[in-house]
Amino acid sequence: MEYSKLGVWLEARKLVNLLYDSSKLFPKEELFALTNQMRRAAISIPSNIAEGCGRQTSKETIHFLHISRGSLYELETQYYLALDQRYIDESNFNIALEQIQTCKKLLNGFINYYKKLI
């Protein structure tokens, strides 16, 4: 993976690791509910970036980057829900939200880059 692709992918991986660390504190009854849903959304972010980068055309790449961005927004909402339920504290929430914002900026820049190639 080239450097520009690697940056957004690495930041997305940081977000996954952040989620795995914080979700260990969630109640056990959430393991197959919110915890599972958040992990799936988080994993989808770098996975779809990687899959998009492996595609033949810019249009295909953009499609997978949009899926990744959708998962990022989904994860953001789920973090708000976890905060509402007091599964995470304000500090962990803010750290996660900051990482989500970083990923959004990088991913949007990446999408715009590929749009110019069409």
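Reader: How much of the protein counts as buried?
Author: Of its 118 residues, 43% count as buried. Keep in mind that this is a predicted model.

Reader: What elements is the protein built from?
Author: It has 4 helices and 0 strands. Read from the N terminus, the order is α-α-α-α.

Reader: Take α4. How many residues, and what reach?
Author: Helix α4 covers residues 90-116, which is 27 residues. From first C-alpha to last it reaches 39 Å, close to the 39 Å expected at 1.5 Å a residue.

Reader: Which residues of α4 are buried?
Author: Among them are Phe93, Leu97, Ile100, Cys103, Leu107, Phe110 and Tyr114. Gln99 and Lys104 are on the buried list as well.

Reader: Cysteines next. How many disulfides in the whole structure?
Author: A search finds 0. Cys53 is in none, and the nearest cysteine sulfur, in Cys103, is 14 Å away.

Reader: Why no bond for Cys103?
Author: Because its closest cysteine sulfur, in Cys53, is 14 Å off, which is too far for a bond. The cut-off for a disulfide is 2.5 Å between the sulfurs.

Reader: Is Cys53 buried or exposed, and what about Cys103?
Author: Cys53 is buried, at 17% relative accessible area. Cys103 is buried too, at 2%.

Reader: Overall dimensions? What box do the C-alpha atoms fill?
Author: Roughly 45 × 25 × 20 Å along the principal axes. The radius of gyration is 15 Å, which agrees with the value near 13 Å for a compact globule of 118 residues.

Reader: And what is the accessible surface?
Author: About 6,900 Å², with 52% of it belonging to carbon and sulfur atoms.

Notes: Residues numbered from 1 in each chain as written. Predicted model: local features only at pLDDT ≥ 70, side-chain atom pairs only at ≥ 80, totals over all residues. Heavy atoms only, no water. Helix = DSSP H or I, 4+ residues; strand = E, 2+ residues; numbered from the N terminus. Expected span 1.5 Å × (residues − 1). Buried < 20%, exposed > 50% of the residue type's maximum accessible area, 1.4 Å probe, protein only. Rg over C-alpha atoms; globule rule 2.2 N^0.38 Å. Areas by Shrake-Rupley, 256 points an atom, 1.4 Å probe, with all protein chains shown as cover.
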